[in-house]
Amino acid sequence: MTEDERSAGWAAYYDKLRDRPPRRTLLAALDNFGTTPAGALALDLGCGDGRDAVEMLRRGWRVIAVDAEPEALRQLQARPLPPESDVTAVVARLEEVPIPLGVQLINSSFAMPLCEPQAFHDLWGRIREGLPPGGRFSGQWYGPRDSWVGRPGITFLSRENALSMLEGFDLEMFEEEEADGVTPRGTAKHWHIFHIVARKP
Ligand SMILES: C[S@@+](CC[C@H](N)C(=O)[O-])C[C@H]1O[C@@H](n2cnc3c(N)ncnc32)[C@H](O)[C@@H]1O
């Protein structure tokens, strides 16, 4: 697949999912903070067109929204954002993105596994280290029975591996989902997903 084809694919994905509500992993993480912490700063990795970022902004979080696709960030910024929204849009790849100081919530909905295993593990290492005590990670990882297994550039983890990576965190949500379905682009797919909300003690 060329870069142009990949970008066109993501643009079609944003069109298809426009106006969908925030992911429930993000909502659980936000709810678990209780009232929004002072100066709250969140990082949204693979933010897409901003379905989660908008909810964080609505609840008073400052958001650094990261995506490899400039079109994602353009669409996020074109949304009707809450007044006084503080959002920084960063075009970057997950493989390289640094974790900014002071981030309390790192969200990556259906995006973090979209890199090779080494990069995925390096990124998780940066997230683990970068979160302060009380900080949270929310998002999805992919399991080994997902029908995308074998595609290059995607990481899949067994349940045991996923749980061992999360060791030392308080698991506020760890739900395994397996279901036959259809992707937003209309192809049949077997999903094997871990839905995660984890708090660094
Ligand atoms: C499945 S979409 C999810 C978007 C959004 N988080 C949501 O929940 O709807 C994945 C997003 O991650 C971005 N992405 C995929 N691989 C990436 C990478 N290696 N680095 C940065 N962004 C990436 C894509 O451009 C896309 O916007």
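**Exercise 1. State in which loop phenylalanine 110 lies, and work out what is unusual about its backbone and whether the residue is buried or exposed.**

Solution. Phenylalanine 110 lies in the loop that runs between S4 and H5 of this model, which is a predicted one. The next step is to look at the backbone, where phenylalanine 110 has a positive phi of about 50 degrees although it is not a glycine. Most residues other than glycine have a negative phi. The last step is accessibility: the relative accessible area of phenylalanine 110 is 17%, and since buried means under 20%, the residue counts as buried.

**Exercise 2. Carry out the analysis for glutamate 84, giving its phi, its place in the chain and its accessibility.**

Solution. Begin with the backbone, where glutamate 84, a residue other than glycine, shows a positive phi near 65 degrees. Then locate the residue, which is placed in the loop between helix H4 (70-78) and S3. Finally, take the relative accessible area, which is 81%; because the cut-off for exposed is over 50%, glutamate 84 is classed as exposed.

**Exercise 3. Describe how helix H2 and helix H3 pack against each other, starting from their axes and ending with the residues in contact.**

Solution. The axes of H2 (residues 24-32) and H3 (residues 51-58) come within 10 Å and cross at roughly 20 degrees. Angles under 35 degrees count as roughly parallel, and the two helices, H2 and H3, are therefore roughly parallel to each other. The crossing in which H2 passes H3 is right-handed. On the H2 side the contact is made by Leu26, Leu27 and Leu30, and on the H3 side by Asp52, Glu55 and Met56. Sorted by character, the residues of this contact comprise four nonpolar, no polar and two charged. As for the covering of H3, seven of its eight residues are buried, namely Arg51, Asp52, Ala53, Val54, Glu55, Met56 and Leu57. After H3 comes glycine 60, with a positive phi near 90 degrees.

**Exercise 4. Identify which residues touch the most other members of the largest nonpolar core, and which element gives the most to it.**

Solution. The largest nonpolar core holds 30 residues, and those that touch the most other members are Leu45, Ile106, Trp124, Ile127, Phe137 and Trp141. Two or more residues come from each of strand S1 (41-45), strand S2 (62-67), helix H5 (117-130), strand S5 (136-142), helix H6 (159-165) and strand S7 (188-199). Of these elements H5 gives the most, with five residues. Apart from this core lies another, of 20 residues, including Leu26, Ala28, Phe33 and Val197.

**Exercise 5. Compare the surroundings of leucine 94 and serine 138, leaving aside residues up to four places away in sequence.**

Solution. Leucine 94 is found in the loop between strand S3 (87-91) and strand S4 (105-108), and at 10% relative accessibility it counts as buried. Leucine 94 touches Leu45, Gly46, Ala111, Met112, Leu123 and Arg126. From leucine 94 to phenylalanine 33 the separation is 61 residues in sequence and 25 Å in space, C-alpha to C-alpha. Serine 138, in turn, is found in strand S5 and is buried, with a relative accessible area of 0%. The contacts of serine 138 are Thr25, Leu26, Ala29, Leu105, Ile106, Asn107, Ser108, Ile196 and Val197.

Notes:
Residues numbered from 1 in each chain as written. Predicted model: local features only at pLDDT ≥ 70, side-chain atom pairs only at ≥ 80, totals over all residues. Heavy atoms only, no water. Axes fitted to C-alpha atoms, helices over the stretch in contact; angles between N-to-C directions. Helix = DSSP H or I, 4+ residues; strand = E, 2+ residues; numbered from the N terminus. Parallel < 35°, antiparallel > 145°, perpendicular 65-115°, else oblique. Left-handed = near helix turned anticlockwise from the far one by under 90°. Contact = heavy atoms within 4.5 Å. Nonpolar A, V, L, I, M, F, W, Y, C, P; charged D, E, K, R; others polar. Core = buried A, V, L, I, M, F, W, Y, C linked by side-chain atoms within 4.5 Å. Buried < 20%, exposed > 50% of the residue type's maximum accessible area, 1.4 Å probe, protein only.
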